[in-house]
Amino acid sequence: GDGPRGCFAINANVELGPHDPEAAAILKRQFDRMDTLITDTVAHAQAVGEIRSDLDTKIAAQVLTLFVGGLTSRARGPLPEEDADRAIDAILNLLR
C-alpha cells in the first residue's frame, strides 16, 4: 500500500529476529547504537533543562525507544493522526 511502512529495523526484528540468529545479532547491534544515541540525547536534554533531571537516562531512553517502536507499528495500520499526536504529547509531558 501507500501507507507508512515503518522502521526497517523494527520490521526486521519482528519478522527475522526470533528465527534468524545472524539477523538477531545485527539487529541487537543496531538497537544498542540507537539506545546509546537516545540515552546521550536524554542526558543532553536534562543538562539544558528540557526534560526532568530526576529521570534515569537509560530508563527514559528505553521508554522512548519502546514508545517509538510501538507507535511505528501502530502507524502501519489505522491510527488517526490525532490519536498519535495525543500519545506523543502524553509521553513528552511525562518527561517534562
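# A guided tour of a four-helix chain

Select helix α3 to begin, and pick out its buried residues, which are Ala60, Ala61, Leu64, Thr65, Gly69 and Thr72. What covers these buried residues of α3 includes α1, α2 and α4, the last of which runs over residues 81-95. Please keep in mind throughout the tour that this is a predicted model.

**The whole chain**

Now show the whole chain as a cartoon, where you should be able to count four helices and zero strands, so that reading along the sequence gives the pattern α-α-α-α. If you turn the C-alpha trace along its principal axes, the chain spans about 40 × 35 × 15 Å. With the surface switched on, the accessible area comes to about 6,900 Å², and 58% of that area belongs to carbon and sulfur atoms. Of the 96 residues in the chain, 22% are buried. If contacts are drawn between residues at least 6 apart in sequence, 45% of them join residues at least 24 apart.

**Helix α3, end to end**

Return to α3 and place a distance label between its end C-alpha atoms, which are 26 Å apart. How far should the 19 residues of α3 span at 1.5 Å a residue? The expected figure is 27 Å, and the distance in the model agrees with it.

Next, select Leu64, which has its place in helix α3. Is Leu64 buried or exposed? Leu64 has a relative accessible area of 19%, and because the cut-off for buried is under 20%, Leu64 counts as buried. When residues up to four places away in sequence are not counted, Leu64 touches Ile38, Val42, Ile91 and Leu95. For a contrast in distance, select Val48, which is 16 residues from Leu64 in sequence, and note that the two C-alpha atoms lie 19 Å apart in space.

**Across to helix α2**

Keep Leu64 selected and add Thr39, a residue found in helix α2. The C-alpha atoms of Thr39 and Leu64 are separated by 9.5 Å, although their positions lie 25 residues apart along the chain when counted from one to the other. Thr39 has a relative accessible area of 16% and is therefore buried. Leaving out residues up to four places away in sequence, the residues that Thr39 touches are Thr57, Lys58 and Ala61.

Move along α2 to Gln46, which is found in this helix as well. With 13% relative accessibility, Gln46 counts as buried. Show the side chains around Gln46 and, leaving aside its neighbours within four places in sequence, you will find it in contact with Ile51, Arg52, Ser53, Leu55 and Thr57.

**The largest pocket**

Now select Phe31, Met34, Thr65, Leu66 and Gly69, the residues that lie nearest the centre of the largest pocket, which is lined by 16 residues. The elements that give two or more residues to this lining are α1 (8-15), α2 (21-47) and α3 (57-75). Which element gives the most to the lining of the largest pocket? That element is α3, with eight residues. If you colour the lining by residue type, it divides into nine nonpolar residues, six polar residues and one charged residue. The space in the largest pocket comes to about 300 Å³.

**Two residues with more of their area accessible**

For the last stops, select Glu15, which is found in helix α1. At 56% relative accessibility, Glu15 counts as exposed, because the cut-off for exposed is over 50%. Draw a distance from Glu15 to Asp89, which is 74 residues away along the chain, and you will find their C-alpha atoms separated by 30 Å.

Finally, select Glu82, whose place is in helix α4. Is Glu82 buried, partly exposed or exposed? Its relative accessibility is 46%, and so Glu82 counts as partly exposed. A distance drawn between the C-alpha atoms of Glu82 and Ala25, which are 57 residues apart along the chain, comes to 36 Å.

Technical notes
Residues numbered from 1 in each chain as written. Predicted model: local features only at pLDDT ≥ 70, side-chain atom pairs only at ≥ 80, totals over all residues. Heavy atoms only, no water. 1 Å grid on protein atoms, 1.4 Å probe; cavity = no way out; pocket = protein on both sides within 12 Å on 5 of 7 lines; lining within 4 Å. Points joined across faces, edges and corners; volume = space filled by probe spheres on them. Nonpolar A, V, L, I, M, F, W, Y, C, P; charged D, E, K, R; others polar. Buried < 20%, exposed > 50% of the residue type's maximum accessible area, 1.4 Å probe, protein only. Contact = heavy atoms within 4.5 Å. Areas by Shrake-Rupley, 256 points an atom, 1.4 Å probe, with all protein chains shown as cover. Expected span 1.5 Å × (residues − 1).
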